[in-house]
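The following exercises concern a single protein chain. Each gives a task and then a solution worked out step by step.

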Amino acid sequence: MSGDVMKFDVNKLEWTRLPASSSIEEDRIEIVTAPHTDLWQRTYYHFRNDNAPVLQMKTEEQYFSFVVKTEFASQHRFDQCGVVVYLDSDNWLKASIEYETEEFQHLGSVVTNHGFSDWATTEIPGSIKEMWYRLSRRADDFRIECSTDGIRFRQMRVCHMHEAVAEISFGIYACSPEDSSFKAVFTDMEMTECKWLPHR
């Protein structure tokens with residue numbers, strides 16, 4: 001990637017399923033979720049749902065980082081919004097905060113390879129209503145980080161995606177797995193050279 005920063009061009013974004021409503025501006029995207037929307041495949045209780053709205057752009061760039069700030073008015077169990085790499089229904093990853101109660105939420109990520117999802121989480125206070133994410137790609141390996149201030153990022157996980165070869169799609173998503181709806185706001189979006197340095 002030439003230069004330190006590459007503009008995240010909202011004009012290149014494409015929907016994989018539409019939300020209840022949305023607004024897309026150069027530096028701000030709003031998504032209002034529809035009830036009973038989710039991304040999950042098989043693991044643990046064999047449940048499958050593949051109808052969450054996903055807004056992505058395509059790239060063949062093998063090494064890059066993508067940063068986005070999320071703000072959300074979630075108040076129902078499992079409401080979530082964050083970053084995503086969605087290749088197809090059986091191969092994707094996502095990172096977000098999933099609301100649980102007024103007391104706590106789950107900050108976590110899901111990686112789905114060949115139709116089976118995992119879920120890695122940590123509990124955070126229910127009062128948190130914004131979070132930055134940084135998604136970094138090194139070929140078919142990925143790192144997800146989070147930040148409460150957009151400056152200091154902490155690693156959430158490193159993972160492999162078997163089908164992430166050549167061109168991939170990446171971007172943002174929001175969904176409400178149960179009978180609810182909320183507004184998610186995405187700002188501070190940028191692509192940069194890969195911030196995930198080679199292991200020494």
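**Exercise 1.** Locate Asp-188 in the chain, classify its exposure and describe its phi angle.

*Solution.* The model is a predicted one. Step one concerns position: Asp-188 belongs to strand E18, which covers residues 183–192. Step two concerns exposure: the relative accessible area of Asp-188 is 46%. Buried requires a value under 20% and exposed a value over 50%, with partly exposed in between; Asp-188 is therefore partly exposed. Step three concerns the backbone: phi of Asp-188 is positive, near 55 degrees, and the residue is not a glycine. As background, most residues other than glycine have a negative phi.

**Exercise 2.** State where Ala-139 is placed, and describe its phi angle.

*Solution.* Ala-139 sits in the loop that links strand E14 (130–138) and strand E15 (141–147). Its phi is positive, at about 60 degrees, although Ala-139 is not a glycine.

**Exercise 3.** Determine whether Gln-41, Thr-16 and Gln-75 are buried, partly exposed or exposed, and describe the surroundings of each.

*Solution.* Begin with Gln-41, which lies in strand E5 (residues 39–41). Its relative accessibility is 2%. The limit for buried is under 20%, so Gln-41 counts as buried. Beyond its neighbours within four places in sequence, Gln-41 is in contact with residues including Phe-47, Asp-90, Trp-92 and Phe-116. Ser-136, 95 residues from Gln-41 along the chain, has its C-alpha atom 23 Å from that of Gln-41.

Continue with Thr-16, a residue of strand E2 (residues 14–16). Its relative accessible area is 24%, and Thr-16 is thus partly exposed. When residues up to four places away in sequence are not counted, Thr-16 touches Ala-52, Pro-53, Val-54, Gln-56 and Tyr-86. From Thr-16 to Arg-157 the separation is 141 residues in sequence and 25 Å in space, C-alpha to C-alpha.

Finish with Gln-75, found in the loop between strand E8 (63–72) and strand E9 (80–88). With a relative accessible area of 63%, Gln-75 is exposed. The C-alpha atoms of Gln-75 and Leu-55 are separated by 22 Å, while the two residues are 20 apart along the chain.

**Exercise 4.** Which residues of the largest nonpolar core touch the most other members?

*Solution.* The largest nonpolar core has 38 residues, and those touching the most other members are Ile-29, Phe-66, Leu-93, Tyr-133, Phe-142, Phe-170 and Phe-186. Take Phe-66 as an example: apart from neighbours within four places in sequence, its contacts include Phe-8, Val-83, Tyr-133, Phe-170 and Met-191. A second, separate core holds ten residues, among them Ala-52, Val-110, Tyr-173 and Cys-175. In general, nonpolar side chains in soluble globular proteins tend to be buried together.

**Exercise 5.** How many helices and strands does the chain have, and how compact is the chain?

*Solution.* The count gives zero helices and 18 strands. The radius of gyration is 16 Å, close to the 16 Å that the globule rule gives for 200 residues, so the chain is as compact as a globular protein of that length. Along the principal axes, its C-alpha atoms fill a box of roughly 45 × 35 × 30 Å. Buried residues account for 50% of the 200 residues. Of the contacts between residues at least 6 apart in sequence, 65% join residues at least 24 apart.

**Exercise 6.** Describe the surface and the charges of the chain.

*Solution.* The chain exposes about 9500 Å², of which carbon and sulfur atoms supply 47%. There are 21 positive and 33 negative charges, and their mean positions lie 4 Å apart.

Technical notes: Residues are numbered from 1 along each chain as its sequence is written. This is a predicted model: local features need pLDDT of at least 70, side-chain atom pairs count only at pLDDT 80 or more; totals for chains, interfaces and linings use all residues. Side-chain values use heavy atoms; hydrogens and water are left out. Helices (H or I, at least four residues) and strands (E, at least two) are DSSP runs, numbered from the N terminus. The radius of gyration is taken over C-alpha atoms; the globule rule is 2.2 Å times the number of residues to the power 0.38. Buried means under 20% relative accessible area, exposed over 50%, partly exposed in between (1.4 Å probe, protein chains only). Contact means heavy atoms within 4.5 Å. Accessible areas come from the Shrake-Rupley method with a 1.4 Å probe; for residues, only the protein chains shown count as cover. Lys and Arg count as positive and Asp and Glu as negative; His and the chain ends are not counted. The place of a charge is taken as NZ of Lys, CZ of Arg, CG of Asp or CD of Glu. A nonpolar core is a set of buried Ala, Val, Leu, Ile, Met, Phe, Trp, Tyr and Cys residues joined through side-chain atoms within 4.5 Å.
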